[in-house]
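Please open the structure in your viewer and keep the selection panel at hand, since each stop on this tour begins with something to select.

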Amino acid sequence: MNKSLIAIATMVAAMLSGTAHAGKTTDAIRERGQLACGVSTGVAGFSAADSKGEWRGLDVDLCRALAAAVLKDPTKVRWSPLTSQQRFTALQSGEIDVLSRNTTWTLGRDAGQGLVYAGYMFIDGQGFLVPSRLRITSAKQLNGAEVCVQTGTTTEKNLAEFARANKIQFKTLMFENLRAVLKAFFSGRCQAFTADASALASIRANDSGKPEDYMVLPDRISKEPLGPVVRRGDEDWFALVRWTIFALLEAEERGITQANVDELRKTTDDPAVQRLLGVSEEVGKPLGLDKEWVYRMLKAVGNYGEIFERNVGPNSLLQLPRGINALPRDGGVMYSPPLR
Amino acid sequence: MMRWRNWSLQCLVVGGVLLALYGLASIVAAKMRGLGVEPGFGFLWQRAGFDIGDALIAFDASDTYGRAFLVGLLNTVSVASVAIVASLLLGGALGLGQLARNRLLARLCEAYVELFRNVPLLLQVLIVYVLLIGRLPLPHEAWSLGPDVWLSKSGLALPWPVFTDAGLVLERPVLGRFTFSGGAVLTPEFMAVAAALTLFTAAYIAEVVRGSVQAVSKRQSEAALALGLNDAQTLRFVIVPQALRSMIPPLANQLLNLIKNSSLAVAVGYPDLVAVADTTLNQSGHAVECIAIIMAVYLFLSLVTAAIMNSWHGRLLRQQGGY
Amino acid sequence: MKRYFTPANLLLSAILLWAAWHLFDWAVLNAVFRPDAAACHALEGSGACWGVVAEKYRVIFFGRYPVEEQWRPLLAILLMLVLLGISTMKRFQNRRLSVIWLVGLAIFLLLLKGGLFGLENVDTPRWGGLPLTLILTVFGLAGAFPLAVLLALGRNGRLPAVRALCSVFIEIVRGVPLVAVLFMAAFMFPLFMPKGWDFPSLLRVLVGIILFAGAYMAEVIRGGLLAVPKGQAEAAQALGLSYWQVQLGVVLPQALRNVLPALMNSAIALFKDTSLVIIVGLFELTGALGLAVDGDPKWRAFALDGYLFIALIYWIGCFAMSRYSRSLERSV
């Protein structure tokens, strides 16, 4: 009699603790059976639909990982391509659960709009695209050069501040829209083109006609950290998204890859790996997730390093160096708190 | 009775317009404050934060928005002045050419007018610009058009007199690592706008000139012929002075159009007044103030040009003893 | 006859023939008409690359309109051309013409927007190319004309306050470039709207164009009003007609007949000015070419040939309108 009472009590407690930790968004996702993921209308390497309509990219892989964690199936995602004007209102209105759309993390966006950033997926910065034949290795060598800029963002300001700080001078040519800049730069009118480095990499790959003739300089003259955004007020969903990113980083740190995750799950002795893959403890319980959530994510998209490599890394179309997006042991800033 | 009705109607109309303007102004001011922007012209003293590549006076990012507008204004005036002179010369020649005895020449001039009048100016600017940046060589392979005169994608580099400690010195353009510095550089953007404005406006000026010259009574030229003057002398001493009188108002109109048309520069990246206002507007959020500045400046330029042409017209009328 | 064969003439003719031959050679004989980028590159400037038009004609003529639905803007263009064509024919110049136009324009808009009769909805930001040019020109004129009549009558009228207001409006609008008015439409009008109201960009730009063209046409019409002999108005008043009946029924028709050629010039100018809307992000014919070519590395080098092609289209349109205007002048 006592034993069954205890059993019932434990079950009830387990059920209660389970539901108490799953928030409103998570519930809604589970009910709907799909994760509503807001992406861009087409930025190569981050979120773009290929010719068959399949979405690919860094931001896309994050949503797939989230779906694998919450819904146990990385394909259960509803993609919403959004323009810059629509992106925040779609999130605020509840049309999407998470905005994974290479959006820069700024104070204004994090604090004033009922939204909150859940972490870094990619730390970008403004860079320079130059013709390879000029044999330039650093933006500081561009003294006296004609630099093409697209007006309307903070790009001109960052450029001017960089020039002042390094005591060099540019001849700035400002254009109304991106196509006008492309026309001017690729016809040789200006010797450099400045914009966010990831955009430059994409342009170099797709719009130059001859990517070998151009290179993105290593300098980053502004901070443009990109990451997923969720609504304020739902702490549980926020924590879930945030720890998803951390889990992907931790997996890379521990050497777990898409290829070896199955084997490691069976054979590892490392207690950290065991925790991560759900062999020993259930680290995902406070997030309302079962013990295989990290395993499923890694099986679906791999660890952070693999996601980076596949979409934007040196062997991908964008050919971006890992740089500041590396783990701290490799000189970057992508640090994960421990999952325990 | 009618007078009262008229008065009250007018008061209603004026009152209505003023009320509407006041209402709009309040809505706009409130919206701007909501976006964190304080309406007013104080922003003109703020740091601009952007560079302007093609400037007649020294300008860098630490200068004010106000100074940026000044740079834009000077650029507008410079490209318009060059185009005014060139289009008057070309247009005059084409106008007289249409009346030449040589039928082939006349037809050619007519063809020019028909061609350049019927293609939008923006398209002409874009075509010239694409031609220039497409076909001109890179700076280190620049074409030499004379001693120290270089033509390349970076523009036409010329020697230019400059004040130094040693007095007025001719500064030569020098090819640096990337492009020319020193002397004067006419950028492809400047050249495209100036050339297109010239070609387009010249077609209209040609029609004005032709019309005015044709309107001068045939008897005048016949009388001149009878007096023994040849064609050129007739033109110079008899026809043109009289044609000038009727030419000036429509000519003034065309020049005003030219000045306003120079605002197309924003489409090819030439930093004229409108382009600078556009950048400032986007960066500072003061849309209403920037557009108001654009409108005020162009109205002022229109008034000045109209005044100059009017006084010239008046002087001509007085010189020739009226009609 | 003697005058034709002067040495100067012969030299000029020789130069002209040489130039004409080279032009023909470049534009026709050596030109590439197929959408073949490799062939165009191989030309190295010795021939025109009309292939860029063959390759990109969809974007050039229809902008970003969805490809499967592009038969709709095509039909719309043809409809508009037919409407314009029959308006020039004397047979149709009666009261029925206005009804035909109203119905025609309604069908035109329906074709482009859709949403009814099984046609899929296509929102205005995706409209572009030649239909957009036609919308801005035709609807611009349609809106500007009544505005111009009101302004002209106002500036010419009896009430000094109304005269002053109309004069101020006309002089300010005529003194500023169209680009400034377009900026107003793009950046200022949204500030005027109360929160939540969102006017599509096309509508705002159209309003700007109507205000601009209206002011210029007002001056033309006013010139016509001043040219109508005062006796006409006085006689009509003596017959007992009211002020508005006199103005609209007697003076205005005569004024308009006087300035019909000048009004045609305004229409031609408006047609050319629509190319400026690229500056505020609308992709009519000129902007659509930029959209098609500037972003494409394979075809970017042939932007010039593309621009020459659409210059030809504009030229044909303007030339046809000015010829028609001249024939009107003669018949009046």
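The tour begins with a whole chain and then turns to a pair of helices.

Select chain B first, and bear in mind that what you see is a predicted model. If you colour by secondary structure, chain B shows 9 helices and 8 strands. Turn the chain slowly: along its principal axes, the C-alpha trace of chain B spans about 80 × 80 × 40 Å. The radius of gyration of chain B is 25 Å, whereas a compact globule of 323 residues would have one near 20 Å. Of the 323 residues in chain B, 47% are buried, and among the contacts in this chain with a separation of 6 or more, 62% are between residues 24 or more positions apart.

Next, select residues 121–135 of chain B, which form helix α4, together with residues 188–215 of chain B, which form helix α5. At what angle do the axes of these two helices cross? They cross at roughly 135° and come within 8 Å of each other. Angles over 145 degrees would count as roughly antiparallel and those from 65 to 115 as roughly perpendicular, and therefore α4(B) and α5(B) are oblique to each other. Their crossing is right-handed.

Finally, show the side chains where the two helices meet. On the α4(B) side, look for residues including B:Leu121, B:Val125, B:Tyr129 and B:Ile133, and on the α5(B) side for residues that include B:Pro188, B:Met191, B:Ala195 and B:Phe200. By class, this contact of α4(B) with α5(B) has 15 nonpolar, 1 polar and 1 charged residues.

Conventions: Residues numbered from 1 in each chain as written. Chains lettered and ligands numbered in written order. Predicted model: local features only at pLDDT ≥ 70, side-chain atom pairs only at ≥ 80, totals over all residues. Heavy atoms only, no water. Axes fitted to C-alpha atoms, helices over the stretch in contact; angles between N-to-C directions. Helix = DSSP H or I, 4+ residues; strand = E, 2+ residues; numbered from the N terminus. Parallel < 35°, antiparallel > 145°, perpendicular 65-115°, else oblique. Left-handed = near helix turned anticlockwise from the far one by under 90°. Contact = heavy atoms within 4.5 Å. Nonpolar A, V, L, I, M, F, W, Y, C, P; charged D, E, K, R; others polar. Rg over C-alpha atoms; globule rule 2.2 N^0.38 Å. Buried < 20%, exposed > 50% of the residue type's maximum accessible area, 1.4 Å probe, protein only.
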